[in-house]
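This report goes through a structure from a local backbone feature outward to the whole chain, and from there to the way two chains meet.

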2 protein chains.
Amino acid sequence: MKNKDLQLIANSIRVLSMDAVQKANSGHPGMPLGCADIAAVLWYRIMKYNPDDPAWPNRDRFVLSAGHGSALLYSALHLAGYGITLDDIKNFRQIGSITPGHPEFGCTPGVETTTGPLGQGFANAVGMSVASKLLADEFSGIIDHYIYAIVSDGDLMEGVSSEAASLAGHMGLGNIIFIYDDNKITIEGSTDLAFSENVRERFTAYNWHVQDVDGYNHDAIEKAVLNAQKETAKPSLIIAKTVIAKGCPSKEGSESSHGAPLGKDAVAETKINLECKYEDPFSIDRSVYDLFKKRRDELHKIYDEWKSSFGKAMKSGLKDKWDRFFTAPDIDSLRKKMPKFDPAKEIATRSASGKVLEALFAGMPNIAGGSADLGPSNKSFAKGFSESGKRRVGRNLHFGIREHAMGSIQNGIAYYGGFIPYSATFFAFLDYMRPPVRLAALSKLHCVYLFTHDSIFVGEDGPTHQPVEHVATARAIPNLTVIRPADAEETAEAWLSALGNSTGPTALILTRQDIPVVKKENRDGAQDLHKGAYIVHDAGKNPDIIILASGSEVNLSIEAAKALKEKGINAEVVSFPSWELFDKQPDDYKRTILPDSVRKKAVVELGISMGWERYAGADALYITMETFGASGPHNALAEKYGFTIQNIVNRIVDYIGK
Amino acid sequence: MKNKDLQLIANSIRVLSMDAVQKANSGHPGMPLGCADIAAVLWYRIMKYNPDDPAWPNRDRFVLSAGHGSALLYSALHLAGYGITLDDIKNFRQIGSITPGHPEFGCTPGVETTTGPLGQGFANAVGMSVASKLLADEFSGIIDHYIYAIVSDGDLMEGVSSEAASLAGHMGLGNIIFIYDDNKITIEGSTDLAFSENVRERFTAYNWHVQDVDGYNHDAIEKAVLNAQKETAKPSLIIAKTVIAKGCPSKEGSESSHGAPLGKDAVAETKINLECKYEDPFSIDRSVYDLFKKRRDELHKIYDEWKSSFGKAMKSGLKDKWDRFFTAPDIDSLRKKMPKFDPAKEIATRSASGKVLEALFAGMPNIAGGSADLGPSNKSFAKGFSESGKRRVGRNLHFGIREHAMGSIQNGIAYYGGFIPYSATFFAFLDYMRPPVRLAALSKLHCVYLFTHDSIFVGEDGPTHQPVEHVATARAIPNLTVIRPADAEETAEAWLSALGNSTGPTALILTRQDIPVVKKENRDGAQDLHKGAYIVHDAGKNPDIIILASGSEVNLSIEAAKALKEKGINAEVVSFPSWELFDKQPDDYKRTILPDSVRKKAVVELGISMGWERYAGADALYITMETFGASGPHNALAEKYGFTIQNIVNRIVDYIGK
């Protein structure tokens, strides 16, 4: 049944959305028109939020996975009373506006996630649910809300949503309520072109609770959502039969409405059809604001009640605990808890990271994460702490063999707040999860990645599992801090750096193979990691050459430098774990590491040389890995590709001789 | 029921596999032991192949999607009579062997795909089926075979297989027969940790034909495969209940057998359990070879019959047509068919590519491909040619919103042979399909990528849709040729370059926005694209600066050079569409483009500068894009980020003044 108030709200969303797209002369009107009634029900009838406190920890979350429908979201948030004015909506898709083409986290009040690349919002929302369940386990009664999302055909076609859906069903994330905008239209035309699976059956197979509903029957939508709320052991999908561009007589049901303005005539005809009294753009019936005023009054009561019980809980002794979740970690105090590494004992940096991780789990309650089924290899499992499984979450998360969803769920946890999430896989499989890594960087999320098995020294598993270009392609992502520690001590500092970097993700690049603890000649030892690069092996005032190296190649370079010394060549070795950290140093520090006076430089790294030229110069000596690797034992690979002390010495001797 | 011959074959596979892993002291014995009986049935009872002609076009294809079980594949191929000796198996996982850790296409006779990264083989096999159907449409009666694969839990958890499965069901690829090694074990332990979906129901939802079978009942396996063969309208999944490390008493059913040698004792105990008469490694009952000798005799008959009817078909007039599929395209003759572009008319390179594509479809029968639902935006649809849909394939493939599967299916088409496949999406979504792009490069596949919307000039869609680091990260992949053409004419040549490059994939990076046809001052015009870089705007003998630019920034740089001329600055402009093509030029050509005599260089490109230093030097002027973009109109973005003639002029004047 249609409800007059909801119809007014839905039509107001339609008018604002299509006018915004029309004024911007770009955008996606079809989705907002198609989903306006669903949005009206959610914001006016269902969701609990407080525009005056958009960060309210117990608010319901809403994710617009179909991010191209941003006009719908901005219009709904505007009506609901968030800090989005009509002028903001008029500035849709303009530089500096808070209403960009796709929703951007941190840019707009009420926008919970950055969406647009399809499937991401779906998996982010699963991550939010995981976070909410983890937090509710700690703060029972204080955290208890739902995660809503509108998802599209595109979201469901993307593999990442399949991965996330399977895991959500497995973990039994009952507070998930997703509404599927089943409009049977994609950019190329009817879903008949490429999408005829049985979505209901597929999600049932994932152990979801699935309902069908008419996307324009307000009571039915509300009823379905309430049913979904009652289903606490399974995530819910509500398949809403919709029509793209609903309300626009000439474009209803057509893909032409998806990604282009309707055009002035179609806008005018739609307003008549919707019985909108105003011809002027952005003009809507003021009474819609009164409706939301009333709604906010109701919501304020709920909010105040929560605040009161929250306050009581805090007073009754939970405050310290709460603060430990919602305050930045104290790095210096964590440093004191770091394991000590025996300088005489070789240890893989992945293993060092594993030891650090167990200390961190013990030292802070809000670190949570796991691996895409490589826990024993990634050393990413913290023994003695809770773990996820059938119908449960845990601080150790078993993501299954689903790297992409892992990254996107991790983003969801980070968006949610309260936790610092980490994820782990082989470095070569960064490729499987680049979309969420990029979005974490763009959205300034506090995420940590453990990428182990960081070079051809993966060995026998061969080129499919040996990263070569990955160090470079990780460094290429703006606002991703990449750290490739030289040994166990640097690994601990790299973790601390990651925990201290709250404005973007940090990737730790770790070895499979055991490597020595580097003997450091600098005063501050591994703590100089935070400068991005430092002299680890000093060759006095006028070195003949400076070797820049990272990771397992640092110690190798030191050994080469010692052998060079016997040949009368003074080689300085710089441990260079992080370009991004180094780039932030003052110029005079940079000059001490890369003095103009020393013209000859070498780079020793088991990755492509690309980009090192900016530090070493185009005419430096590059002992790098420019091709795919091969399947074989460590030592044979070292010989084949020249990563031996002898070869490094020979090449430097040749180079110096030039 | 168990069959004595098949049991002997299965146990021989077990012995060879576990001995190979044991000798290499690394590898994955659990899967080969678990799936040995399935392999025995496939190679001895089911599949049609000819080890003497591994490239037989009508052979059944076998894909080991669970590529870590490579020892199984090598053992089976050895027994079946392919060119893999016992010595090769003894050299498992050694450098230079034909038995690397994961199967590598082109390295080993009988290995159809490079697998290991999970999910890839599944989707490759779907691509093979697409190719076989396309080819069968052209050569009815000549091409008629099955595509077999063994897939694992990991394959099914990966999103790419969900995407590919949904599409395979949609297109009704009835010659697909996949056997799922349902052993309930992953690296972290039981699948209960993260995987409890109903696989049968999920694949039924995708419109697959699903059967269950005991993975050790030979008759049942055979019967299920024969049933699957009869189901011609749906792909088939056979869920085989298996036990990891089957036959090894102390490790059966345990994840410890997955990725490490069983150990000498366990190997010895397994041999006793399997009633293997020999203690020595790699010793198997010779009679197993007799069995396969008999099998090959049967297969030779089938092969000879096919050869005979193939010969007749060729003689009856199909030879020319066949050769057009299986011979490299004649680039010079294709060049003559290229569209002419009006030099006075601006045109986006994506649109130019669209026109080229229609000419290519008309000019060669074996180009096939499509977009991940962005056909109208990518200009990747060739009107007037067949297209895929419900229960049909076509040269225009509608991949749906599934970039990852698109890339992996494309690889499958390339592995299959006969077609040059292309795919298309927004450049920012390269991230969604990096795994198959890397594998195409590693496996030397002839693939073409159309990545449109190549810079912040995507405009209002904002930073989620604006590639910034992607040009660099594409260039980073070894053996991927990246070409960013400066205009329509270069776009046509870039396509020809891609069609001529049969030893690796080529990515064309194309603009969304219209750009002018560049006025070229060099003799050979756009054909110089094949050199990777050439002088497009000459500034005489001693230019003050050389500007290196690609794509839409070439014309912008020429305009800036003209403005600089008025200020008395001679700026040469080099169109630099491809590093990889340039790197292949002789040194003296390189020096004409990058002469030492001109010290000042600038790079103008709408991407990160990373790596340009090797051509321009670390102290060059970089007018590049080092941060994420923003949502806004083209002109506003040009102003904000300094990609205007005026800003380029100002920055060069400043730089020269230094």
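Which residue follows H7(A), and what is the sign of its phi? The model is a predicted one, and in it H7(A) is followed by A:Gly172, whose phi is positive, near 65°.

**Two helices of chain A**

The helix that precedes this glycine, H7 (residues 159-171) of chain A, has 13 residues that at 1.5 Å a residue should span 18 Å, and its end C-alpha atoms are 19 Å apart, which agrees. Because 13 of the 13 residues of H7(A) are buried, this helix is largely enclosed by the rest of the structure. Helix H18 (residues 488-500) of chain A can be examined in the same way: its 13 residues should span 18 Å at 1.5 Å a residue, and the distance of 19 Å between its end C-alpha atoms agrees with that. H18(A) is mostly covered, with 12 of its 13 residues buried, and among the buried ones are A:Ala488, A:Glu489, A:Trp495 and A:Leu499.

**Positive phi outside glycine**

Most residues other than glycine have a negative phi. Two residues that depart from this pattern are set out below, each with its phi and its surroundings.

| Residue | Phi | Loop | Other C-beta atoms within 10 Å |
|---|---|---|---|
| A:His453 | near 60° | between strand E11 (448-452) and helix H17 (470-475) of chain A | 27 |
| B:Asn25 | about 60° | between helix H1 (4-24) and helix H2 (30-46) of chain B | 11 |

Is each of these residues buried or exposed? A:His453 is buried, because a residue counts as such when 20 or more other C-beta atoms lie within 10 Å of its own and A:His453 has 27. B:Asn25 is exposed, because the limit for that class is 12 or fewer and B:Asn25 has 11.

**Chain A as a whole**

Chain A contains 24 helices and 18 strands. Its radius of gyration is 28 Å, close to the 26 Å that the globule rule gives for 658 residues, so chain A is as compact as a globular protein of that length. Along the principal axes, the C-alpha atoms of chain A fill a box of roughly 90 × 55 × 45 Å. Buried residues make up 62% of the 658 residues in chain A, and of the contacts in this chain with a separation of 6 or more, 77% are between residues 24 or more positions apart. The domain assignment of chain A gives domain 1 (4-299), domain 2 (331-509) and domain 3 (525-657), and the C-alpha centres of domain 1 and domain 3 of chain A lie 52 Å apart.

**How the two chains meet**

In the contact between the chains, 90 residues of chain B touch 90 residues of chain A. The largest share of the side of chain B that touches chain A, 8 residues, comes from helix H7 (residues 159-171) of chain B, and by class that side has 36 nonpolar, 33 polar and 21 charged residues.

How are the two copies related in space? Chain B can be laid on chain A with an RMSD of 0.0 Å by a turn of 180° and a shift of 0.0 Å along the axis, which is the relation of a two-fold axis. B:Gly159 is the residue of chain B that comes closest to the rotation axis, at 1.8 Å for its C-alpha. Finally, 100% of the interface residues of chain B are also interface residues in chain A, so the copies meet through the same surface.

Terms used
Residues are numbered from 1 along each chain as its sequence is written. Chains are lettered from A and ligands numbered from 1 in the order in which they are written. This is a predicted model: local features need pLDDT of at least 70, side-chain atom pairs count only at pLDDT 80 or more; totals for chains, interfaces and linings use all residues. Two residues are in contact if their C-beta atoms, placed from the backbone, lie within 7 Å. Helices (H or I, at least four residues) and strands (E, at least two) are DSSP runs, numbered from the N terminus. Ala, Val, Leu, Ile, Met, Phe, Trp, Tyr, Cys and Pro count as nonpolar, Asp, Glu, Lys and Arg as charged, and the others, Gly among them, as polar. Copies are superposed by least squares on the C-alpha atoms of residues with pLDDT of at least 70 in both. The expected span of a helix is 1.5 Å times one less than its number of residues. The radius of gyration is taken over C-alpha atoms; the globule rule is 2.2 Å times the number of residues to the power 0.38. Domain bounds come from an automatic or database domain assignment.
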